[in-house]
Amino acid sequence: MATHLKIQLWMRYVSVLFILPLTALGVTHYSVPEEMEEGSVVANLATDLGLDIKTLSKRKMRLDVVANRKYLDVNKETGELYIVERIDREYLCISKSATTCILKLDATLENPIRMFHIELEIMDINDNAPHFRRDTMHLDISEATPVGERFSLTNAVDPDIGSNSVQTYYISDSEHFSIEIQSGRDGSKFADLILKKTLDREEQAVHNLILTALDDGVPARSGTANIVVRVLDTNDNAPQFDKESYIIHLLENSPIGSLVVKLHATDLDEGSNSDVTYSFSLYTSEKTQETFSLNPNNGEVRVKEMINYEDFKIYDMEIMAKDGGVNSLSGQCKLTVVITDMNDNHPEISIKSLQSPIKEDVAVDTVLAVISVSDKDSGENGQVDIHISDQLPFALKESSDNYYELVVSEPLDREKVPEYDITIIVIDRGSPPLSDNETITLELLDINDNVPRFPQSFYTIPVMENNAPGALLSSLTAFDPDLHENQYLVYFIVEKEIVNTSMSMLFSINPENGNLYALRTFDYEIDKEFLFHIEARDSGMPQLSSNVTVHIIIMDQNDNTPLIVSPWRAHGSVIEEKIPRSTDKGTLIAKVIAIDSDSLQNSRITYQFLQNTDASLFSLDQYNGEIRTMRMFSYRDARHQRLVVIAKDNGEPSLSATVTIKLSTVETALKAYSDMTEMSLEYDIFSDLNLYLVIGLGSVSFLLLITILVTIVLKCQKPKPSKAAAPCRNSVISERNSTIADSTLVSNDAYWYSLFLAETRKGKLVVRQPVPKGARYIVSSIPRSTGLTETSDSAASTLQVRNGAVFSHKVSEVSHWFRLLFLTKFIA
């Protein structure tokens, strides 16, 4: 390839060197080879035309465009004619009949206008290889074609001319074919294929040849095409079987249609000359043709009717194979079928004395059935073996010749397998062995051997308080795998008394389906849980039962409104307080205390101002209810302030209570002690009190204390109330306008506190003391004034004690509180 390129370049340069300008009749003629490089100089056009090079630019010398493509141009600086675009001779001069390819150009100048005619002859180079119009040529030649027969081939084409076009052909080596080259009137070359040896399709059906076309260019170029010669068949071969004779062994009693043998004859010809049909010859007996069938198309020999070894032991037949040619040819073979005796009698099974159904608790080794077996054959063909599946709880025991007993080998359980399909199989010892089987169905009867079973051993059932009586709580269903009456269950509540109350008075269960119902409405503040048992009992004989533990948990509902216990007021009344205008910033004005008998979130109380005359004057702690001053009073502040405090619990929906406090400012300078500390005592000593007033108040308080102590002792001696009784709800109140001492126990997650608040005309005494965790809420008011106490339902407080009535608590603790109260009053 490299040598070819070098030669081509050399030829181009030589051609350029020998370009000769010819000027005749005003035409300038040049000759150049095709495919010259862009920028190659053809000639100095200005010199050849006798033009001044310096005037070419001014005179606007130009060349006409040929076929919309500009192949050449003039360098106006040097006057040279040069190649602008590669020139392809085969593209410009398509016709091969033209021996020359001329490119005509006109060169034009202005000032003055002159025109020159230029002819550029494009010289051919061998830049194209010969090629065939079809890459593959197919020829069908009969194997009977005589030697010397000629077959035309498609010629090759080469767009080059002269010696650069196709000059000769070659064919690949073949002992059967050669070529002969012919020339056309236009000088083109083509080849004929000549048969030089007789073809034999059976020897070689297809001949693949390669035809090569070659030009005489430098360097020479070539092209190839494939010639596929398919040899057509003639009927010159007779069918032949794989073997001349066949011996086949066939069992007697072979099913009708069974394949005996498939004969195969081959014919080396093709088409209809190779189509083979099979048939019995005249030497095959009629009995044989009645016993066996022959498929004429595929040569299959099959059983046509039942074969008995005792009738015929050997069958002889002759089979012919004939092709489908015009002058058909045939071949034949011999087939011998030898009948083999076989074990053609099956064993037989007989079931006797079968017991079904049987109870599932049948004893092991109980005989269920007697089985007999037999076989009409003799020798080993008549000897049989009997067995059943090893996975079944049964066994076969031989009792005598060909008699067997079917017995129970393992305990049975109807709940696992209600019935068994027992397949008894007998096999003789023939070759091949024959078998028979018989299936018997054994049904098991149920006995009451399973106790009812609950899915769980412990049920926890949450029930929201305030439920409707008769509400469905849960369905407690047990399962008994037994059948019929052994499966029918009845449900009971195992009686258990809680505080003299039977469980059957609180709950009910449907005896048929185990649905559990509540018979009454539950109150979380009274009963929080119940624990009892449910029993499920079947109807079998004997009866079996089981029980399950049921834990009923009463869920709290926000059904109790917060109760404001401090500052206390009669139902619908307003609290009125007087405070000095000189009160400091941060002074405790009042403390709102509310309690809620619910639990958890439902009992957590927060405080907010519902109304506040001056939002910049008072603040309210949302958690402890303390109302304090945010600044000192000024002369602009109103004398009367109205505060409405709402206490809300955290339930859903939230419940609330309100208290209204009217504050009046006075000009007297009173100092309030607002800060409360653990076990601290803060008080003011009023030096201007009359000594007699103090002694009188102390005497009245002492007499009141003695009266209350006697009353409490009498109440403590009363018998304890029942646990199921409702909790005591009471409150002892007195007139707000009198000087009083309030005692309040407030619940907390960690401690119980006792808050003692003593009010006098001049100050307050605050004592906080821990109280034992015996009671939940204790709220009471002890009046200073004499007289009978009143009970108010609207302002009631909750009193709940886990181990009995609140008033049965230690009398010593109560005495301690009243001693503190008396001490407070005495100091006041």
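Okay, let me start with a cysteine: Cys93 is buried, at a relative accessible area of 18%. That sits under the 20% cut-off, so Cys93 gets the buried label. And before I go on, keep in mind that this is a predicted model.

So what does Cys93 pair with? A disulfide joins Cys93 to Cys101, with the sulfurs 1.8 Å apart. The partner, Cys101, is buried too, with a relative accessible area of 1%. As for the geometry, there are 80 degrees about the S-S bond, and that makes the Cys93 and Cys101 link right-handed. How many disulfides does the structure hold? Just one. While we're on cysteines, Cys333 also counts as buried, at 2% relative accessibility.

Right, on to the packing. The largest nonpolar core has 28 residues. Which residues have the most contacts inside it? Those are Val42, Leu45, Leu72 and Leu120. If you want to trace who feeds this core, at least two residues each come from strand 2 (27-33), strand 3 (41-44), helix 2 (45-49), strand 5 (72-74), strand 6 (80-83), strand 7 (102-109) and strand 8 (114-123).

Now zoom in on Leu72. Leaving aside residues up to four places away in sequence, Leu72 touches Val42 and Leu120, and also Leu63, Leu81, Tyr82, Ile83, Val84, Ile87, Leu103 and Leu105.

And there's another core, lying apart from that one. This other core has 26 residues, including Leu476, Leu489, Leu506 and Ala518.

That's my tour, so over to you.

Definitions and conventions:
Residues are numbered from 1 along each chain as its sequence is written. This is a predicted model: local features need pLDDT of at least 70, side-chain atom pairs count only at pLDDT 80 or more; totals for chains, interfaces and linings use all residues. Side-chain values use heavy atoms; hydrogens and water are left out. A nonpolar core is a set of buried Ala, Val, Leu, Ile, Met, Phe, Trp, Tyr and Cys residues joined through side-chain atoms within 4.5 Å. Buried means under 20% relative accessible area, exposed over 50%, partly exposed in between (1.4 Å probe, protein chains only). Helices (H or I, at least four residues) and strands (E, at least two) are DSSP runs, numbered from the N terminus. Contact means heavy atoms within 4.5 Å. A disulfide is a pair of cysteine sulfur atoms within 2.5 Å.
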